[in-house]
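Please open the structure in your viewer and keep the sequence panel visible beside it. The tour below proceeds by selections, and each stop explains what is to be found there.

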Amino acid sequence: MNADLHCHSCVSDGTLTPQALAQRAKERGVELWALTDHDEVGGQRGAAEAAAALGLPWLSGVEISVSFCNQTVHIVGLGFDADDATLAQGLAATRGGRRERALEMAQSLAKAGIPGAFEGALKYVGNPELISRTHFARHLVETGVCADTSEVFRRFLTEGKPGFVPHRWASLRDAVRWIGDAGGLAVIAHPARYRFTANEEHALFTEFIAHGGRGVEVVTGSHSAAEAVRYAEAALEYGLAASRGSDFHSPDESHTDLGALPELPGRLTPVWELLAGRIQPAH
Ligand code: AMP
Ligand code: MN
Ligand code: MN
Ligand code: MN
């Protein structure tokens, strides 16, 4: 099954509309699709309608920013009720403070000799509540400060670098419960991306499971083949279902296109087997 259960639209830090993403997913052979904007479900209705019109099976999705052991962890939610009020409140609270954070990021960049970054980043923002580091990265590329967005993150916007501002996101417990209580399934996103010690990673997995989390991304645009093998083993060890998603943001920036991922290793339980009743079928 060519499932792609992780990507971003202009409702968060992607560049395409939910409708254009649905079209692109369909053209690239995706057989089950979810749009997972950061901390925001404002694109879900458009995604669902576009998927239905294209005959593309669809699941609701979101990627929630969480603070855990002094790092930011991303929790993907799939197959929840996108109109759930508690989830909506939780996401609004998680988004709150992004603007103040962005103003502080711009101050820090100005001190490093890069003025006007807040206004510059805003030009790329599709959703005023969702100004993210990605929008700053696009501005720094556009103005010639860096050659591409990965250089921006290497030189700026990450811990210890100019433009980085620590931020308090949702708790792991809240994020997993909002998703589960809205009828969805919570998934640890791209686990290889975090820089946890073995003990911290074990704490992440065990606490995630204790709060009701049931899945982990194994095959993602952010994992190498070796990392996919490693987290396939972790999925088996912890009894988690496995997810698969490109984390596509933009045709110009993303290395992995929609639907262009290796298969999940066969011995894993795919998350979509646990979500069969939550899929909006192709008409
Ligand atoms: P924020 O939620 O504002 O902290 O922004 C996080 C987003 O920045 C992620 O979802 C990615 O889209 C992007 N990002 C983080 N690290 C990198 C990186 N090394 N290269 C490119 N994009 C990155
Ligand atoms: Mn992103
Ligand atoms: Mn992420
Ligand atoms: Mn993502």
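**First stop: the manganese ion (ligand 2)**

In this predicted model, select the manganese ion (ligand 2) together with Asp-13, His-38 and His-249. These three residues coordinate the ion through OD of Asp-13 and NE2 of each of the two histidines, at 2.1 to 2.2 Å. Along the sequence, the donors follow the spacing D-x24-H-x210-H. The site joins distant parts of the chain: His-38 belongs to the loop between β2 (32-34) and α2 (44-54), whereas His-249 belongs to the loop between β8 (241-245) and α11 (271-274), 211 residues apart.

Are these two histidines buried or exposed? A residue counts as buried when its relative accessible area is under 20%. His-38 has 8% relative accessibility and is therefore buried. His-249, at 14%, is therefore buried as well.

**Second stop: the manganese ion (ligand 3)**

Next, select the manganese ion (ligand 3), which lies 5.6 Å from the manganese ion (ligand 2). Which residues coordinate the manganese ion (ligand 3)? The donors are Glu-63 (OE), His-74 (ND1) and His-190 (NE2), at 2.1 to 2.2 Å. Their spacing in the sequence is E-x10-H-x115-H. Here too, distant parts of the chain are linked: Glu-63 is in strand β4 (residues 61-68), and His-190 is in the loop between β6 (185-188) and α9 (198-210), 127 residues apart. Both Glu-63 and His-190 are buried.

**Third stop: the manganese ion (ligand 4)**

Now add the manganese ion (ligand 4), which is separated from the manganese ion (ligand 2) by 4.6 Å. Its donors are His-6 (NE2), His-8 (NE2), Glu-63 (OE) and Asp-247 (OD), at 2.1 to 2.2 Å. Keep Glu-63 selected, since this residue is a donor to the manganese ion (ligand 3) and also to the manganese ion (ligand 4). In the sequence, the donors of the manganese ion (ligand 4) are spaced H-x1-H-x54-E-x183-D. His-8, in the loop between β1 and α1, and Asp-247, in the loop between β8 and α11, are 239 residues apart. Both His-8 and Asp-247 are buried.

Remain for a moment with His-6, which is located in the loop between β1 (3-4) and α1. Its relative accessible area is 0%, so His-6 is buried. Display its surroundings: beyond its neighbours up to four places away in sequence, His-6 touches several residues, including Ala-34, Thr-36, Val-76, Ala-189, Glu-217 and Phe-248. Among its contacts are also Glu-63, His-190 and Asp-247.

**Fourth stop: Gly-77 in strand β5**

Select Gly-77, a residue of strand β5 (residues 71-78). Gly-77 is buried, because its relative accessibility is 0%. Then measure from its C-alpha atom to that of Gly-184: the two residues are 107 residues apart along the chain, yet these atoms are separated by 6.3 Å. Apart from residues up to four places away in sequence, Gly-77 touches Ser-60, Gly-61, Val-62, Ile-179 and Leu-185.

**Fifth stop: helices α1 and α2**

Colour helix α1 (residues 18-27) and helix α2 so that they can be told apart. At what angle do α1 and α2 pack? The angle is about 35 degrees, and the axes are 8 Å apart. Their crossing is right-handed. On the α1 side, the contact is made by Pro-18, Gln-19, Ala-22, Gln-23 and Lys-26; on the α2 side, by Gly-46, Ala-47, Ala-50, Ala-51 and Leu-54. These contact residues divide into six nonpolar, three polar and one charged.

**Sixth stop: the two domains**

Zoom out and colour the chain by its domain assignment, in which domain 1 comprises 3-95 + 169-278 and domain 2 comprises 98-155. The C-alpha centres of the two domains lie 25 Å apart. Where the domains meet, 15 residues of domain 1 are in contact with 11 residues of domain 2.

**Last stop: Phe-118 in helix α5**

Finally, select Phe-118, in helix α5 (residues 117-122). With a relative accessible area of 7%, Phe-118 is buried. Leaving aside neighbours within four places in sequence, Phe-118 is in contact with Arg-99, Ala-102, Leu-103, Ala-106, Ile-131 and Phe-136. From Phe-118 to His-139, the C-alpha to C-alpha separation is 9.2 Å, across 21 residues of sequence.

Key:
Residues are numbered from 1 along each chain as its sequence is written. Chains are lettered from A and ligands numbered from 1 in the order in which they are written. This is a predicted model: local features need pLDDT of at least 70, side-chain atom pairs count only at pLDDT 80 or more; totals for chains, interfaces and linings use all residues. Side-chain values use heavy atoms; hydrogens and water are left out. Donors are N, O and S atoms within 2.8 Å of the metal (3.2 Å for Na, K and Ca); water is not among the atoms, so sites may look incomplete. Helices (H or I, at least four residues) and strands (E, at least two) are DSSP runs, numbered from the N terminus. Buried means under 20% relative accessible area, exposed over 50%, partly exposed in between (1.4 Å probe, protein chains only). Contact means heavy atoms within 4.5 Å. Axes are lines fitted to C-alpha atoms, for helices over the stretch in contact, and angles run from 0 to 180 degrees between N-to-C directions. A crossing is left-handed if the near helix is turned anticlockwise from the far one by less than a right angle, and right-handed if clockwise. Ala, Val, Leu, Ile, Met, Phe, Trp, Tyr, Cys and Pro count as nonpolar, Asp, Glu, Lys and Arg as charged, and the others, Gly among them, as polar. Domain bounds come from an automatic or database domain assignment.
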